[in-house]
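Subject: Handing over the structure

Dear colleague,

Please find below the structure I promised to pass on to you. I suggest that you keep it open while you read the notes that follow.

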Amino acid sequence: MPGLIANPGSIWLAVEPVDMRRGIDGLSMLVQQSLEHAPCAGSAFVFCNRAGNRIKVLLWDGTGVWLCQRRLHQGKFVWPKSDERCFTLTQAQWNWLIAGVNWQRLSA
């Protein structure tokens, strides 16, 4: 999965948990309406479920849309607690996040 998001414009985490039953259209609508970003602008958007053990990544690659899911069998993803609706990550922070490691301890 790290190769999938090799050069996105930005990696954005949606702070609020989402229903993991949402697909490409539902998540794209959230990106536009709640996060106020364009889903086809080349950025990756990452969503987490309420339990914190699943994430979905929505990414437009210029040809089509990728929707990927990752589930941890043990533990939870470290998710930001913020007043903002979305939070941006560096590539290094992303790599730690998907490994299940506390990426917030890294200096950006």
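Is Glu-36 buried or exposed? Please bear in mind, as you look for the residue, that this is a predicted model. Glu-36 lies in the loop between H1 and S2, and its relative accessible area is 58%. Because the cut-off for the exposed class is over 50%, Glu-36 counts as exposed. The backbone of this residue deserves a look as well, since phi of Glu-36 is near 60°, a positive value in a residue other than glycine. Most residues other than glycine have a negative phi.

Now for the protein in general. Its secondary structure comes to 2 helices and 5 strands, and if you read along the sequence you will meet them in the pattern β-α-β-β-β-β-α. The radius of gyration is 13 Å, close to the 13 Å that the globule rule gives for 108 residues, so the protein is as compact as a globular protein of that length. The C-alpha trace spans about 30 × 25 × 25 Å along its principal axes. Of the 108 residues, 39% count as buried, and the accessible surface comes to about 6,400 Å², with 48% of it belonging to carbon and sulfur atoms. If you consider the contacts between residues at least 6 apart in sequence, 57% of them join residues that are at least 24 apart. As for charge, the protein has 11 positive and 7 negative charges, and the mean positions of these two groups are 12 Å apart.

Helix H1, which covers residues 24-33, is a good place to look at the interior, for Gly-26, Leu-27, Ser-28, Leu-30 and Val-31 are buried there. The buried residues of H1 pack against three strands, namely S2, S3 and S4 (65-71).

Next, please turn to the loop between strand S2 (44-48) and strand S3 (54-60), where you will find Asn-49. This residue has a relative accessible area of 13%, and because buried means under 20%, Asn-49 counts as buried. A polar atom of the Asn-49 side chain lies 3.1 Å from the backbone nitrogen of Arg-54. Leaving aside residues up to four places away in sequence, Asn-49 touches Pro-17, Val-18, Met-20 and Arg-54.

Arg-54 also appears among the neighbours of Arg-71, which touches Asn-53 and Arg-54 when residues up to four places away in sequence are not counted. Arg-71 has its place in strand S4 and is partly exposed, with a relative accessible area of 43%. Although Arg-71 and Lys-56 are 15 residues apart in sequence, their C-alpha atoms are 9.0 Å apart in space.

Finally, which side chain makes a polar contact with the side chain of Arg-21? The partner is Asp-19, and the distance is 2.7 Å. Arg-21 is found in the loop between strand S1 (11-14) and H1, where it counts as exposed at 74% relative accessibility. The C-alpha atoms of Arg-21 and Arg-70 are separated by 13 Å, while the two residues stand 49 residues apart along the chain.

With best wishes

Notes. Residues numbered from 1 in each chain as written. Predicted model: local features only at pLDDT ≥ 70, side-chain atom pairs only at ≥ 80, totals over all residues. Heavy atoms only, no water. Helix = DSSP H or I, 4+ residues; strand = E, 2+ residues; numbered from the N terminus. Buried < 20%, exposed > 50% of the residue type's maximum accessible area, 1.4 Å probe, protein only. Polar contact = N/O pair within 3.5 Å; in protein donor to acceptor, adjacent residues only side chain to side chain. Contact = heavy atoms within 4.5 Å. Rg over C-alpha atoms; globule rule 2.2 N^0.38 Å. Areas by Shrake-Rupley, 256 points an atom, 1.4 Å probe, with all protein chains shown as cover. Lys, Arg positive; Asp, Glu negative; His and termini not counted. Charge placed at Lys NZ, Arg CZ, Asp CG, Glu CD.
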